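Let's take a friendly look at how parts of a protein fit together. Have the structure open beside you as you read.

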Amino acid sequence: MNPQITHAKMSEIPPHLNYELKNYQSQRIHQAMRQAICSSVRLVLEQTNQQSISILDVGCGRGELLQSLVQIPHVSVQGIDLDPTCVELSSQFASCCVGSVEALDQYYSPESFDLVIASHVLEHVSNPTLALLKLASVSRNWVLIALPNPVRPSRLLQYLKGKLQADHPTHCQVWDPGHLANFIERFGHLKIYQWQPDIVTVIPGRLLSVPLFNFILKPFIIAEMTLLTRLFPLFSSSLIVLSAKHRDQG
């Protein structure tokens, strides 16, 4: 299902980095998110007059997004992550270094990259405003943020059941679409250019782990990736926002 995971050392991945590998549902959600981010990258390419663009993937993790990004023509990519194991794995796909989002200006000069991406990073930091400003500081124009969506159907169902635990023990921040827009524009001093949905999931993941149900539910699986995502973009699994500094995007 997930051709992106091709690490030669995949069997050596420690337990704290086994996200996406747990089940079919997790794999398809992460793959849809990467495809959505790559769509936004192609939009940035269309909006610039440059022959190529440079990208920094902040919090690059094991490198699956880097692996997707380097396949896009006219793109040069670098990565940075706080975890040395992540940097080792990601370095298979692009140049990477160890570092934190809060200290980006210690590793890169101002406006070093055309586009800076932080996918599922800001929910982990104690000072997200500082982190967002650091992301913008090393970008010449574009910043792309991806975050878990607290109003996606599976999360809303958990609320109805009275379950209030976080998506992950290290998550300390959360934004719904309205508050995320306010955060980016008012506190990050950026202008939102595009909301990019990834996938709206309504089928319980435990059903998709059963091959028979996976086959029977195939039409509904396709509908999640197409129709539901088009009709209800703000209920997608991740909130993916492409923003630009207050200047001419072209």
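A residue is called buried when its relative accessible area is under 20%. Keep that cut-off in mind while you explore this model, which is a predicted one.

**Aromatic pairs**

How many aromatic pairs does a search of the whole structure find? The search gives four, and two of them are set out here.

| Pair | Centre to centre | Angle between planes | Arrangement |
|---|---|---|---|
| Tyr 108 and Phe 113 | 5.2 Å | 80° | edge-to-face |
| Trp 175 and Phe 183 | 4.9 Å | 25° | stacked |

Planes under 30 degrees apart count as stacked, so the 25° between Trp 175 and Phe 183 makes that pair stacked. Are these residues buried or exposed? Tyr 108 and Phe 113 are both buried, and Trp 175 and Phe 183 are buried as well.

**Two packed helices**

Phe 183 also takes part in a contact between helices H5 and H7. Two packed helices are described by the angle between their axes and the distance between the axes. Helix H5 covers residues 128-137 and helix H7 covers residues 177-187. Their axes lie 10 Å apart, at an angle of about 60°, and the two helices are therefore oblique to each other. The crossing of H5 past H7 is right-handed.

Which residues make the contact? From H5 come Pro 128, Thr 129, Leu 132 and Leu 133, while H7 brings Phe 183, Ile 184 and Phe 187. Sorted by character, six of these contact residues are nonpolar, one is polar and none is charged.

Conventions:
Residues numbered from 1 in each chain as written. Predicted model: local features only at pLDDT ≥ 70, side-chain atom pairs only at ≥ 80, totals over all residues. Heavy atoms only, no water. Axes fitted to C-alpha atoms, helices over the stretch in contact; angles between N-to-C directions. Helix = DSSP H or I, 4+ residues; strand = E, 2+ residues; numbered from the N terminus. Parallel < 35°, antiparallel > 145°, perpendicular 65-115°, else oblique. Left-handed = near helix turned anticlockwise from the far one by under 90°. Contact = heavy atoms within 4.5 Å. Nonpolar A, V, L, I, M, F, W, Y, C, P; charged D, E, K, R; others polar. Phe/Tyr/Trp six-rings, centres within 6.5 Å; stacked < 30°, edge-to-face > 60°. Buried < 20%, exposed > 50% of the residue type's maximum accessible area, 1.4 Å probe, protein only.
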